[in-house]
Every structure is written in structure tokens, then in C-alpha cells.
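Subject: A structure for you to look at

Hi,

Here's the structure I promised to pass on. Have a look at it first, and then read my notes underneath.

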Amino acid sequence: MDALTLFGLFAVTMMLACYAAEDRSPWFILAFAASCALGSVYGFLQGAWPFGLVEAIWSVVAARRWLLRRTADSA
């Protein structure tokens, strides 16, 4: 297994773990957004630009959900 494959495995494993824990804290939503960004980088590095693009969009969506949740929790 090469370094790029290990990086991709780490990114999607973190996505799964953070998604499963989102209800525990808004910080898991932010960590999910960051892991989606890592998944996007992986997609572009391996040459699967559609995967990279979709993961980048998911990252933005998750970051927006984090911001909305933090705003709602502080109100």
C-alpha cells in the first residue's frame, strides 16, 4: 500500500468517524468538513477529479452546517 492510498484511507475513515459522532458536538461537524477537504485532496491527487470536486462541495456544506449549528447553540 503506497502513501497516497494510506492518505485516502485515513481521510475516508475520519469522514466516517466524524459523521457518526456529529450529534455529540458541533466540533465533529467541523472535523467532518476538514476530513472531506482531505478526501477532496486525495481525489485530485489520484486523478479522480469528479470525486475531488464532490468532496470539496461536501466540505463547504459541512462547514456551513457547523456554522449554523454553532449559531443556533449560542442563541
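Below is what turned up, starting with the overall fold and ending with the aromatic rings.

One thing to keep in mind: this is a predicted model.

**The overall fold**

The protein chain has three helices and zero strands, so if you walk along the sequence you get the pattern α-α-α. Its C-alpha atoms fill a box of roughly 45 × 20 × 10 Å along the principal axes. Of the 75 residues, 29% count as buried. If you take the contacts with a separation of 6 or more, 55% of them come from residues 24 or more positions apart.

**How α1 and α2 pack**

Two packed helices are described by the angle between their axes and the distance between those axes. For α1 and α2, the angle is about 155° and the axes are 8 Å apart. Angles over 145 degrees count as roughly antiparallel, so α1 is roughly antiparallel to α2. Their crossing is left-handed.

Which residues make the contact between α1 and α2? On the α1 side they include L4, F7, F10, M14 and Y19, and on the α2 side F28, F32, L38, V41 and L45 are among them. Sorted by type, the residues of this contact come to 16 nonpolar, five polar and no charged.

**The aromatic pairs**

How many aromatic pairs does a search of the whole structure find? It finds two.

In one pair, the rings of Y19 and F32 have their centres 5.8 Å apart, with 50° between their planes. Stacked would need under 30 degrees and edge-to-face over 60, so this pair is tilted. Y19 sits in helix α1 (residues 3–20) and F32 in helix α2 (residues 26–46), and the two are 13 residues apart. Is each partner buried or exposed? Y19 is exposed, at 52% relative accessible area, while F32 is buried, at 8%.

The other pair is W27 with W66, also tilted, at 5.5 Å centre to centre and 50° between the planes. W27 lies in helix α2 and W66 in helix α3 (residues 49–74), so this pair ties together parts that are 39 residues apart in sequence. W27 has a relative accessible area of 48%, so W27 is partly exposed. W66 has 18%, and the cut-off for buried is under 20%, so W66 counts as buried.

Try finding Y19 and F32 in the viewer, then W27 and W66, as these are the two pairs from the search.

Cheers

Notes:
Residues numbered from 1 in each chain as written. Predicted model: local features only at pLDDT ≥ 70, side-chain atom pairs only at ≥ 80, totals over all residues. Heavy atoms only, no water. Phe/Tyr/Trp six-rings, centres within 6.5 Å; stacked < 30°, edge-to-face > 60°. Helix = DSSP H or I, 4+ residues; strand = E, 2+ residues; numbered from the N terminus. Buried < 20%, exposed > 50% of the residue type's maximum accessible area, 1.4 Å probe, protein only. Axes fitted to C-alpha atoms, helices over the stretch in contact; angles between N-to-C directions. Parallel < 35°, antiparallel > 145°, perpendicular 65-115°, else oblique. Left-handed = near helix turned anticlockwise from the far one by under 90°. Contact = heavy atoms within 4.5 Å. Nonpolar A, V, L, I, M, F, W, Y, C, P; charged D, E, K, R; others polar.
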